[in-house]
Amino acid sequence: MTQMPNARSSIARSPGRTRGVKIAGTGSALPSKIITNADLERLMDTSDEWIVQRTGIRQRHVIDPSKGESMGSLAASALITALNDARMRPEELDFIIIATMTSHMACPPTACQIAFDVGQRMGGAVHCGAMDLSGACSGFVYGMNIAHDLIMGGAYRSVALVGADTISELMDYATSGRTTAIIFGDAAGAAIFRATDDPNLGILAQTMRSDGSGWKEIYVPRDEHDFPAKVAPEPEKIGRVQMNGASVFKFAVGTFPEIIQETLDAAKLKPDDIDVYVCHQSNQRILHAARDRFGLAPDKLYVNIDRVGNTVAASVPLCLDELRRAGRVKDGSRVMFVAFGGGLTWGTSLWQL
């Protein structure tokens with residue numbers, strides 16, 4: 001697999017800009033049901049020790065459809081919390097982006113349904129633009145860069161971004177295998193981006209990349225034609241996440257520190273100049289390796305994978321919301337957001353808050 005093919009440097013902030021972008025509010029939502037490692041021991045050949053040693057995960061949340069839980073319900077709850085945190089009405093939004101790989105349907109965009117649901121629950125009509133963004137685990141970081149630049153372009157003043165995935169719907173815990181099923185959980189996280197007259201606020205540097213030759217390392221086949229060459233189609237694998245864990249781990253370990261350094265270089269900053277690194281929670285070993293590579297103090301690189309697992313597009317915003325509510329990310333903080341996932345995709349978004 002070629003890493004960072006024909007890579008150009010990260011895009012840094014343009015000098016002389018006259019407006020900025022702030023994160024005005026955040027929110028998150030987790031399903032009520034928890035699956036612990038002990039629960040998985042009864043479903044497959046695994047153990048708590050094996051899972052924790054390789055991933056750092058001890059439990060994950062999954063939706064209970066009998067309680068009306070879905071990707072959309074989690075996303076709407078997270079967005080409502082973010083709007084309340086920002087002291088905004090849904091009618092004030094100019095655009096809604098839902099980063100997800102578990103949309104309800106191919107049509108309509110889930111974002112439209114969520115906009116309607118939020119309007120109904122908050123007592124107002126929402127007719128702003130709405131779209132789904134498919135970037136797998138990189139979706140929210142991609143969306144941050146897009147939301148920021150929509151506002152910086154001058155046509156929009158407020159954009160809501162939600163990362164939400166219910167990947168348990170794409171998992172069979174009895175047959176998906178212990179290297180895949182143990183990793184993922186369901187969640188949603190949201191952020192409200194608003195224009196500000198302070199040009200110092202917003203993105204300092206950003207990167208969005210992909211390597212399509214690695215698509216077969218993480219994919220969800222819809223039918224027998226979607227399997228890679230030399231992989232025999234199996235009916236029970238259709239509609240289920242297929243992942244080459246070893247290849248993904250190697251990709252992440254190599255790409256993670258490179259893209260962090262590249263973004264720091266573009267912003268002319270050093271690792272310690274960043275207050276907090278908010279990284280996609282794919283594997284605790286990968287996170288610790290990146291922390292050690294840059295000599296970061298433990299509190300500078302946030303980890304919550306032990307409690308929630310890999311929540312795909314919800315991973316980064318869930319961390320962000322937890323950090324803001326704990327007072328560890330606040331106005332004045334310099335924060336780097338990092339993600340990588342299926343596609344293969346990877347990206348960064350370095351912010352001055």
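This is a short tutorial dialogue on reading a predicted model.

Me: I have the structure open. Which residues touch the most other members of the largest nonpolar core?

Reply: Good place to begin, and please keep in mind that this model is predicted. The largest nonpolar core has 32 residues, and Ile23, Met144, Phe193, Val278, Phe337 and Trp351 touch the most other members.

Me: Which elements supply at least two residues of this core each?

Reply: Strands E2 (20-29), E5 (95-99), E7 (158-165), E8 (187-196), E12 (276-279) and E13 (334-341) do, along with helices H5 (139-152) and H9 (315-325). H5 gives the largest share, with six residues.

Me: What does Ile23 touch, not counting residues up to four places away in sequence?

Reply: Ile23 touches Met144, Ala191, Ile192, Phe193, Leu320, Arg324, Trp351 and Leu353 on that count. There is also a second, separate core of 31 residues, with Leu83, Met88, Ala115 and Val126 among them.

Me: Let's turn to a helix. How do I read which side of a helix is buried?

Reply: The general idea is that an α-helix has 3.6 residues a turn, so residues three or four places apart point the same way. Now look at helix H7, residues 284-293, where the buried residues are Ile286, Leu287, Ala290 and Arg291. These four lie on the same side of H7 because they cover an arc of only 135° around the axis.

Me: Which exposed residues does H7 carry on the face turned away from its buried side?

Reply: Asp292 and Arg293 are the exposed residues there. Over on the buried side, the cover includes helix H6 (245-267), E12 and E13.

Me: And the ends of H7? Which residue caps the N-terminal end?

Reply: Asn283 is the cap, with a side-chain oxygen 2.7 Å from the backbone nitrogen of Arg285. After H7 comes Gly295, which has a positive phi, near 65°. While you are in that region, find the charged end of Arg293: it sits over the ring of Phe294, 5.6 Å from the ring centre.

Me: That brings me to rings. How many aromatic pairs does a search of the whole structure find?

Reply: The search finds seven aromatic pairs. To read one, check the distance between the ring centres and the angle between the planes; an angle over 60 degrees counts as edge-to-face. Tyr219 and Phe227 are an edge-to-face pair, at 6.3 Å centre to centre and 85° between the planes. Tyr219 and Phe227 are both buried.

Me: Why is the pair of Phe251 and Phe340 edge-to-face?

Reply: The planes of Phe251 and Phe340 stand at 80°, with the ring centres 6.3 Å apart, so the pair is edge-to-face. This pair links distant parts of the chain, since Phe251 is in helix H6 and Phe340 is in strand E13, 89 residues apart. Both rings belong to buried residues. Ring pairs also join Phe251 and Phe340 with Phe256 and Trp346 in a cluster.

Me: Now the backbone. Where are cis peptide bonds?

Reply: Look at omega in each case. One cis bond joins Cys107 and Pro108, with omega about 5°. Pro108 lies in the loop between E5 and helix H4 (110-122). Another runs from Gly343 to Leu344, where omega is near -10°. Leu344 is in the loop between E13 and strand E14 (345-352).

Me: And positive phi in residues other than glycine?

Reply: Try Ala136, which is not a glycine yet has a positive phi of about 55°. Ala136 is in the loop between strand E6 (129-133) and H5. Then go to Lys268, where phi is positive and near 55°. Lys268 is in the loop between H6 and E12.

Me: Are Ala136 and Lys268 buried or exposed?

Reply: Compare relative accessible area with the cut-offs: under 20% is buried and over 50% is exposed. Ala136 has 14%, so Ala136 is buried. Lys268 has 74% relative accessibility, so Lys268 counts as exposed.

Me: Let me practise on Ile80. Where does it lie, and is it buried or exposed?

Reply: Ile80 lies in helix H3, residues 71-86. At 12% relative accessibility, Ile80 counts as buried. Leaving out residues up to four places away in sequence, Ile80 touches Val118, Arg121 and Met122. As a final check in your viewer, the C-alpha atoms of Ile80 and Val126 are 13 Å apart in space, while the two residues are 46 residues apart in sequence.

Notes:
Residues numbered from 1 in each chain as written. Predicted model: local features only at pLDDT ≥ 70, side-chain atom pairs only at ≥ 80, totals over all residues. Heavy atoms only, no water. Core = buried A, V, L, I, M, F, W, Y, C linked by side-chain atoms within 4.5 Å. Buried < 20%, exposed > 50% of the residue type's maximum accessible area, 1.4 Å probe, protein only. Contact = heavy atoms within 4.5 Å. Arc of directions from axis to C-beta. Polar contact = N/O pair within 3.5 Å; in protein donor to acceptor, adjacent residues only side chain to side chain. Phe/Tyr/Trp six-rings, centres within 6.5 Å; stacked < 30°, edge-to-face > 60°. Lys NZ or Arg CZ within 6 Å of the ring centre and 35° of its normal.
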